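Biologist: Hello! Could you walk me through the contacts and charges of this protein?

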Amino acid sequence: MSSKVRDERIAKLDLLRKRGVSPYPTRFAVTHSCGAVLSNFETLEREETVVSLAGRLVSKRKHGKASFGHIQDRSGRLQLYFRQDTLGAELYELLTMLDVGDVIGVSGAVFRTKTGEFTAKVETLELLSKSLRPLPEKWHGLRDVETRYRQRYVDLIVNEEVRETVVARSRIIKSIRNFLDAREFIEVETPVLQPLYGGAFARPFVTHHEALNMRLYLRIADELYLKRLMVGGLERVYEIGKDFRNEGIDRTHNPEFTQLELYQAYADYTDMMVLLEDMVFEIVTELFGEPSCQYGEHRLDFSKPWRRLSYFEALRERLGVELADATVEEVRSLCEKTGIDVDAVLAREKPGAEKRPKSRGGGPPGGTSRSDIDTPLARERLLEELFSEAVQPYLIQPVFVCDYPKEISPLAKQKAGHPGLAERFEPIVAGFELGNAFSEQNDPLAQARQFDLQALHREGGDAEAQPKDLDYLRALEYGMPPAGGIGVGIDRLTMVLTNSRSIRDVILFPHLRPEASLGEEGEAGGDD
RNA sequence: GACCCGUUAGCUCAGUCGGUAGAGCACCUGCCUUUUAAGCAGGGAGUCGCUGGUUCGAUUCCAGCACGGGUCACCA
C-alpha cells in the first residue's frame with residue numbers, strides 16, 4: 001500500500017535538495033514560544049520585536065502572492081502571514097513546497113489582522129523537518145481510538161486534550177514529590193526484577209535471567225523492599241514506579257501501571273489518612289486553584305477531612321444490614337438477594353474450576369450446592385463481592401473505607417481490640433479504589449503465621465496467594481519500627497483529576513496486541 | 001477467557017436488498033496580497049481488515065481468524 005502523498009513528498013525532498021535546501025537541518029535558534037508571543041503580544045507589537053518561532057505547520061491557506069498558516073509548538077498555535085514581497089521570490093517558492101505537517105522555523109514581527117487575530121508576519125522561513133505522511137483531517141481530527149493509542153505521536157499532534165492530560169499527569173507527580181520531600185521523605189528505587197514477588201494479591205509476569213539461569217518476577221508491588229528500608233532506619237521513604245500484574249485489561253487496568261508507595265515510621269494508618277488527604281488536597285489545589293474538580297457528572301470535593309467509614313459501616317449504610325458478626329450463611333443469603341451469583345464468586349481462581357455464567361438480578365439460583373461455602377475465606381470473599389458490587393460504585397466523594405477483615409489483609413496489623421479486623425483503609429473517589437494503606441505488620445512471628453496461611457490458600461488453589469518471603473521475615477526479626485504505609489495508583493488518580501474515562505487515556509502507550517498489518521513493505525519499506 | 005458491536009480513500013464517514021464503490025477534508029494543477037472549515041475551476045486516489053465457503057459473480061451472504069471498543073470475569 002504505497003501512499004501517493006508519501007511518494008509526492010519524497011519527490012519534494014529530492015527537489016529541495018537539488019535547490020540546496022536541507023530538509024533536515026540540525027538546529028534553529030528560537031526566541032519565543034507561540035504561547036509567549038500570545039501572552040506578551042501587546043509589548044511585542046508595540047516594540048516591533050522580531051520573534052523567532054519553531055514548530056509544526058498545522059494549516060496553510062494560500063492566496064496567490066500571500067498566504068496564511070498556523071504554527072504549533074508545545075505551548076499553542078500562532079497564525080503566520082507570508083507575503084511574497086516580504087519573503088522574496090525564493091523563500092515564497094519554498095513556502096509553496098511546504099506541506100501541512102512539516103516542522104519549520106520562522107522569524108518576523110507580530111501584528112493583528114483585520115479580524116484581530118494575533119499573527120506573525122514572516123520575514124525568514126526555514127524548513128526544519130520534512131513530513132512524509134499527511135496529518136489527520138482538520139475538522140474531525142483523529143478519532144479512531146486504536147490509531148490514537150498505537151500512534152500516540154499523531155494523537156498528540158492533533159488532539160490538544162491529550163497533551164493537557166500528559167502535562168497534568170506530570171504536574172500531579174511533581175506535586176507528590178514536592179509534598180513528600182517537604183516532609184523529609186526520601187525517594188528510593190527498589191528492584192523491579194525480583195526472585196520472589198509479594199506485597200499484593202496478583203499473578204506476576206515471569207522472566208528469566210540467562211547468566212544466572214534463574215527465574216525472576218516483575219514486581220507486583222514495592223512493599224516488601226520498602227519495608228526492609230524501614231528496618232534499615234530510613235524512617236520515611238517513597239517510591240514512584242511501575243508495577244506489573246499479569247491480569248486482564250479494562251478501563252481501569254493496564255498490565256504495567258504506576259504506583260506511589262510510601263512508608264513512615266512511628267505512624268499508623270490514621271496518620272496515613274491525614275497524610276493522604278493533605279497530599280491530594282495539595283495536588284488538586286495546585287492543579288485547579290481550588291480543592292475540587294469535575295469527574296463526569298460529579299463535582300468532587302477534596303476538602304479536609306475526608307469522610308471516614310468502616311468497611312462494615314459502609315456495607316450497613318448501603319444494604320441496611322449489620323454484617324460484622326454475620327455467619328457465612330447469612331452473608332450468602334444476602335448476596336443471593338442482591339443478585340450476586342454466589343457459586344461463581346466462590347468458584348473463582350480455582351484452576352480448572354467451571355466458570356459459571358453470572359446471573360445478575362435473577363431469582364435465587366436453583367439447586368445450588370451448599371458445599372461451596374466451605375471454600376477458604378468464603379465469607380470474606382462474599383463480603384468483598386458485596387462491597388465492590390453494591391457499595392463501592394456509590395462512593396463518589398472522597399472517603400476512607402477502614403478496618404477490613406484481617407483475612408484479606410495479611411501484611412497489615414490487627415486492629416487493637418478487634419481480632420477480626422485489620423488496621424487498613426482504602427481511599428475511594430468516584431467509585432474507584434485509588435489506593436490501599438495499613439498500619440504495617442511488624443511482628444515477625446505474626447507475619448510468618450500470615451505467610452503460612454497464604455501458603456495454605458495457595459495449596460487450596462488460590463493462584464494469587466502471597467509466597468513466603470524468608471528474607472523479609474529475617475529483616476522483620478531485626479525489628480521494624482511501627483510504621484504506616486500507603487500505595488496510591490497514580491494512573492487512577494490521574495484519571496480522576498483529568499476527567500478521563502479510561503486508564504488508556506492517562507497512559508501514553510497503553511498495552512495493545514501487536515499490530516498485524518505493520519509489515520515491512522506496507523509501512524516502513526521503500527527506502528528510496 | 002466469555003458475550004455483543006465495529007473494521008470501506010491519508011482522516012471523518014456514507015453506501016452496495018450480491019453485478020468490484022461515494023462525499024467532505026487532505027492531496028495534485030490553475031487563478032487569487034488580511035484569510036482562518038478561505039474561495040473558484042479542474043484532476044488523481046481504494047486488495048471495501050485477512051483467509052476460506054456459497055454463487056455465473058462476494059466489499060455485500062456464511063464460517064473461521066486478526067485487531068479494536070464495550071460489558072462481564074480477574075484485579076489496583
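Biologist: Among contacts in chain A with a separation of 6 or more, what share comes from residues 24 or more positions apart?

Modeller: Contact here means heavy atoms within 4.5 Å. With a separation of 6 or more as the baseline, the share in chain A that comes from residues 24 or more positions apart is 67%.

Biologist: Before we go on, what kind of model is this?

Modeller: It is a predicted model, where local features need pLDDT of at least 70 and side-chain atom pairs count only at pLDDT 80 or more, while totals for chains, interfaces and linings use all residues. Residues are numbered from 1 along each chain as its sequence is written, chains are lettered from A and ligands numbered from 1 in the order in which they are written, and side-chain values use heavy atoms, with hydrogens and water left out.

Biologist: How many salt bridges does the rule count?

Modeller: Side chains of opposite charge can pair when their charged atoms come close. The rule asks for a side-chain nitrogen of Lys or Arg within 4 Å of a carboxyl oxygen of Asp or Glu. By this rule, the number of salt bridges is 33.

Biologist: R308 and E277 form one such pair; which elements hold them?

Modeller: Their side chains meet in a salt bridge with N to O at 3.3 Å. The pair links distant parts of the chain, 31 residues apart. Helices (H or I, at least four residues) and strands (E, at least two) are DSSP runs, numbered from the N terminus. R308 sits in strand β14 (residues 307-310) and E277 in helix α10 (residues 269-288).

Biologist: Is E277 buried or exposed?

Modeller: Buried means under 20% relative accessible area, exposed over 50%, and partly exposed in between (1.4 Å probe, protein chains only). Its partner R308, at 36%, is partly exposed. E277 has a relative accessibility of 4%, so E277 is buried.

Biologist: Are E380 and R379 buried or exposed?

Modeller: These two form a salt bridge, their closest N and O atoms being 3.2 Å apart. By the cut-offs above, both E380 and R379 are buried.

Biologist: Which residues are linked in a network of salt bridges?

Modeller: Here the salt bridges join up into a network. Its members are R9, K12, D99, D102 and K130.

Biologist: And what portion of the 528 residues of chain A is buried?

Modeller: Chain A has 18 helices and 21 strands, and its C-alpha trace spans about 90 × 55 × 50 Å along its principal axes. Of its 528 residues, the buried portion is 48%.
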